[in-house]
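Visitor: I would like a close look at a single part of this model, the aromatic cluster, with enough of the surroundings to place it. Please take the pairs one at a time and then move outward.

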Amino acid sequence: MPRVLKLAAAQLGPIARDESRASAVERLSAMMRQAKERGADLVVFPELALTTFFPRWYFEDQAEIDSFFERQMPGPAVQPLFDLARQLNIGFCLGYAELTPEGRHFNTAILVDAGGQIVGKYRKIHLPGHTEPEPWRPFQHLEKRYFEPGDLGFPVFEAFGGRLGMCICNDRRWPETFRVMGLQGVELVMLGYNTPVHYPPAPEHDHLQDFHNHLVMQAGAYQNGTWVVGVAKAGKEENCDLIGGTCIIAPTGEIMAQCRTLEDEVIVHPCDLDRCREIQDNVFNFGLHREPENYSLITATKGAVHGRGKKT
């Protein structure tokens with residue numbers, strides 16, 4: 001009998017800097033209801049879904065920085081979303097800024113079951129941007145300043161009748177992200193993103209942002225035989241244009257559903273998790289075809305190493 005997970009992707013339009021968490025949670029709740037009305041078992045929300053994308057500003061006051069972080073999950077402002085999930089009997093994946101009791105800061109995503117219990121957590125590993133403010137930029141990208149790299153690896157969780165993993169935004173650009181989960185037999189990768197249209201260090205690539213977004217997710221899906229759902233915070237947020245392109249991708253790399261707007265929008269698709277076998281048992285049968293003894297350079301060094309080829 002097929003294992004079909006009815007999956008919803010809940011794209012968010014812009015969140016203003018002065019928009020309250022309560023307002024953001026109301027919007028998430030409205031989309032959760034839409035997802036349930038359309039039969040969804042699980043709804044995936046974007047990265048940093050409770051606030052504006054604050055790394056675009058340079059803050060010196062640590063208290064102001066910490067105001068964008070959640071000290072507990074769920075806190076009072078987010079509890080209504082957990083309560084609604086339990087009431088509707090629907091699971092969700094949520095991205096937010098996490099401040100731990102030890103004072104550590106992470107860009108985090110959690111997986112919550114239909115009973116309102118957290119059953120999985122991931123902390124973003126590939127932090128983009130820069131550490132110090134760069135005045136030449138039209139907006140900052142200070143993730144390296146405000147967050148630590150994640151310390152949980154790329155875990156895969158037995159949930160919703162399958163093997164589910166998470167990553168966040170820039171993680172999707174790195175093939176190692178998908179491969180580590182693929183080596184654990186992942187069947188669905190959930191990820192949220194806040195991606196500007198304009199990339200200040202290489203503006204000549206601006207017209208490729210949507211293409212690159214889908215390229216890496218479709219490649220990750222196909223090369224690991226997994227469903228992938230990528231969910232955007234989209235539109236013009238505080239004068240910064242963010243791409244949309246929220247989509248649900250099959251293990252064959254095909255986009256099966258995609259948002260058409262840059263606003264709050266829900267798409268739903270039935271994901272047959274057994275379709276992962278079409279790829280995982282064939283062209284990307286890791287046990288049969290991988291040659292890991294030739295890949296040691298991937299983990300042996302961080303930067304590029306030149307001149308290692310044999311001269312003939």
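Guide: What follows starts with the whole chain, goes on to the aromatic cluster, and ends with several separate backbone and side-chain sites. The model is a predicted one.

The chain contains nine helices and 14 strands. Its radius of gyration is 19 Å, which agrees with the value near 20 Å that a compact globule of 312 residues would have. Along the principal axes, the C-alpha trace spans about 60 × 55 × 40 Å. Of the 312 residues, 53% are buried. Taking contacts between residues at least 6 apart in sequence, 69% join residues at least 24 apart. The accessible surface comes to about 14,100 Å², and carbon and sulfur atoms account for 52% of that surface. As for charge, there are 32 positive and 40 negative side chains, with the centres of the two sets 4 Å apart.

Now the part you asked about. The structure holds twelve aromatic pairs. One of them is Phe54 with Phe68, a stacked pair with 4.7 Å from centre to centre and 15° between the planes. The cut-off matters here: planes under 30 degrees apart count as stacked, so the 15° of this pair puts it in that class. Phe54 sits in the loop between β2 (42-44) and α2 (62-66), while Phe68 sits in the loop between α2 and α3 (79-88), so the pair ties together parts that are 14 residues apart in sequence. Phe54 has a relative accessibility of 0% and counts as buried. Phe68 is buried too, at a relative accessible area of 9%.

Phe54 also pairs with Tyr146; the ring centres are 5.9 Å apart and the planes are at 45°, so this pair is tilted. Tyr146 belongs to helix α4 (residues 143-146), and with Phe54 in the loop between β2 and α2, the pair links distant parts of the chain, 92 residues apart. Both partners, Phe54 and Tyr146, are buried. Phe54 thus appears in a stacked pair with Phe68 and in a tilted pair with Tyr146.

The two pairs belong to one aromatic cluster, whose members are Phe54, Trp57, Phe59, Phe68, Phe69, Tyr146 and Phe147. Phe68 brings in the loop between α2 and α3, and Tyr146 brings in helix α4.

The loop that holds Phe68 has a further feature. Pro74 lies in that loop between α2 and α3. The peptide bond from Met73 to Pro74 is cis, and its omega is near 5°.

Continuing along the chain, helix α3 contains Gln87. The side of the helix at Gln87 can be described by its accessibility: Gln87 is exposed, with a relative accessible area of 64%. Gln87 and Gly115 are 28 residues apart in sequence, and their C-alpha atoms are 8.3 Å apart in space.

Two residues other than glycine have a positive phi to note. The phi of Asn89 is near 60°. Asn89 is in the loop between α3 and β3 (91-99), and this residue is partly exposed at a relative accessible area of 49%. The phi of Cys169 is near 45°. Cys169 is in the loop between β7 (162-168) and α5 (175-182). With a relative accessibility of 6%, Cys169 counts as buried, whereas Asn89 is partly exposed.

Finally, there is a charged side chain to consider. Arg137 is in the loop between β5 (118-123) and α4, and α4 is the helix that holds Tyr146 of the cluster. Arg137 is buried, with a relative accessible area of 12%. Leaving aside residues up to four places away in sequence, Arg137 touches His130, Pro200 and Pro201. Arg137 and Arg27 are 110 residues apart in sequence and 31 Å apart in space, C-alpha to C-alpha.

Terms used:
Residues are numbered from 1 along each chain as its sequence is written. This is a predicted model: local features need pLDDT of at least 70, side-chain atom pairs count only at pLDDT 80 or more; totals for chains, interfaces and linings use all residues. Side-chain values use heavy atoms; hydrogens and water are left out. Helices (H or I, at least four residues) and strands (E, at least two) are DSSP runs, numbered from the N terminus. The radius of gyration is taken over C-alpha atoms; the globule rule is 2.2 Å times the number of residues to the power 0.38. Buried means under 20% relative accessible area, exposed over 50%, partly exposed in between (1.4 Å probe, protein chains only). Contact means heavy atoms within 4.5 Å. Accessible areas come from the Shrake-Rupley method with a 1.4 Å probe; for residues, only the protein chains shown count as cover. Lys and Arg count as positive and Asp and Glu as negative; His and the chain ends are not counted. The place of a charge is taken as NZ of Lys, CZ of Arg, CG of Asp or CD of Glu. Rings of Phe, Tyr and Trp (its six-membered ring) pair if their centres lie within 6.5 Å; planes under 30 degrees apart count as stacked, over 60 as edge-to-face and the rest as tilted.
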